[in-house]
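The following exchange asks how particular labels are justified by computed values. Each reply sets a value against its criterion and draws the conclusion.

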Amino acid sequence: MAGTAGMAKEKPQLAILGAGIFVRNQYIPRLAEISHLFNLKAIWSRTEESARRAVENASKYFPGVLCKWGVKGLDEIIHDDSIPGVAVVLAGHTQVDISLRLLKAGKHVLQEKPAAASASELETALARYKAICANLSNQPIWAVAENYRFEPAFVESKKLIAEIGDMMSVQVIVEGSMNSSNPYFSSTWRRNYTGGFILDMGVHFIAGLRMLVGCEVVSVSAMTTHVDPDLPPPDNLSSLFQLENGCSGVFVMVVSSRSPQILWRVVGLKGTVQIERGHIDGQHGYLVLFFSADGQRKSSFYPFSGVDAELKTFIHDVSQATHKKGSDYEVERRLSFLEGARDVAILDAMLESGSKQGALVQVKKF
């Protein structure tokens, strides 16, 4: 969005914390496509080797990007007032503490999902964030990078939900792919946390569910099992859930070695909306199907583009916050840490219920 006539806005400077697979394969190429919107000042990693590898990759698109590593490099980024925004793309168990350090320094943060590893960690993190904001004149943005809330398939399907009438049933069926050829197969934090793969992948599908139905999950009853010895337990989850609108549904997630198969289906009195993963003409994305009560069928295919959209949105929000000091700017709700927290809270409740042989668990409210 253009600024006030005659006043050219200076592009915000950003830094990336993390130099792993996702940064090299996703963040850097995606950010390169929108490099006209910002300047990438630095990339940090725990080790010099990984930082230099990522910087070598990024310098093709961002000449002059600085290489930072270790405690000294992190401190330099935290105290660099020329960097208002930072993307935190680290192992899941380290992200919250580092994000809070950046927020305390007044930085705007885009943290990779999941928002946290459990509901209890979320409660502590949000309390610390509230205390930080109380001591700063300008509230720093804490965003969670959940691309499913920006995928066109879900944006458009949400509009179709209004046409199906009263909601009767919701189904989410996921066969998530994870085998030894996957670069995240040996991920330490995912393996060390109970249900790590279900949490890390599952937040996407919960985000899609919440986006689609437009209301919150209030309670769950789940069973979990462990079948594949090459994966940490549990690798299977089957849950009933209750929405605040009174509708119930099922969420089934299997972590397997096969290609992913994913489906969301919302049945109403006047029709059904279904989203399923697929590819057309070499493009991967989601197929949206609408079935009306009179038997008509409509379909549309939407290629993946949510990562691009979420990055653009964060950069826009950082720019707005930087140039409109105070509270006279609005942050995109779909990026908020609270939204990411609500995704995690649902999966945390399902895993808790599974550990209690299907006991009914209320989802913690955030």
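Q: Why is Lys-113 called buried?
A: In this predicted model, Lys-113 has a relative accessible area of 15%. Burial requires a value under 20%, so Lys-113 is classed as buried.

Q: What makes the pair Lys-113 and Asp-200 a salt bridge?
A: The side chains of Lys-113 and Asp-200 meet at 2.9 Å, N to O. The criterion is a side-chain nitrogen of Lys or Arg within 4 Å of a carboxyl oxygen of Asp or Glu, and the pair satisfies it. The bridge links distant parts of the chain: Lys-113 is in the loop between β5 and α5, Asp-200 is in helix α8, and 87 residues separate them.

Q: Why is Asp-200 described as buried?
A: Asp-200 has a relative accessible area of 7%. The limit for burial is under 20%, so Asp-200 counts as buried.

Q: What makes the peptide bond between Lys-113 and Pro-114 noteworthy?
A: The bond joining Lys-113 and Pro-114 is cis, with omega about -5°. Most peptide bonds are trans. Pro-114 is found in the loop between β5 (108–112) and α5 (119–134). Another cis bond runs from Pro-233 to Pro-234, with omega near -15°, and Pro-234 is found in the loop between β8 (217–225) and β9 (236–243).

Q: How do you know that Arg-30 and Asp-308 form a salt bridge, and what does the pair tie together?
A: The N to O distance between the side chains of Arg-30 and Asp-308 is 3.2 Å, and the cut-off is 4 Å. Arg-30 lies in helix α1 (residues 21–33) and Asp-308 in helix α9 (residues 306–323), so the pair ties together parts that are 278 residues apart in sequence.

Q: Why are Arg-30 and Asp-308 given the labels they have for accessibility?
A: Arg-30 has a relative accessible area of 24%; partly exposed covers values between the 20% and 50% limits, so Arg-30 is partly exposed. Asp-308 has 18%, and buried means under 20%, so Asp-308 is buried.

Q: What makes Lys-72 and Glu-76 a salt bridge, and where do they lie?
A: The closest N and O atoms of Lys-72 and Glu-76 are 2.5 Å apart, and the limit is 4 Å. Both lie in helix α3 (residues 70–78); being four residues apart, they are separated by about one helical turn. Lys-72 has 60% relative accessibility and counts as exposed, whereas Glu-76, at 31%, is partly exposed.

Q: What makes the phi of Asp-281 noteworthy, and why is the residue called exposed?
A: Asp-281 has a positive phi of about 55° although it is not a glycine. Most residues other than glycine have a negative phi. Asp-281 lies in the loop between β12 (271–280) and β13 (283–292). Its relative accessibility is 78%; exposed means over 50%, so Asp-281 counts as exposed.

Q: Which residues have the most contacts inside the largest nonpolar core, and which helix gives the most to it?
A: Phe-251 and Trp-264 have the most contacts inside this core of 81 residues. Helix α8 (residues 196–213) gives the most, with 12 residues. A second, separate core of 33 residues includes Ala-87, Val-89, Ile-141 and Leu-335.

Note on methods. Residues numbered from 1 in each chain as written. Predicted model: local features only at pLDDT ≥ 70, side-chain atom pairs only at ≥ 80, totals over all residues. Heavy atoms only, no water. Helix = DSSP H or I, 4+ residues; strand = E, 2+ residues; numbered from the N terminus. Buried < 20%, exposed > 50% of the residue type's maximum accessible area, 1.4 Å probe, protein only. Core = buried A, V, L, I, M, F, W, Y, C linked by side-chain atoms within 4.5 Å.
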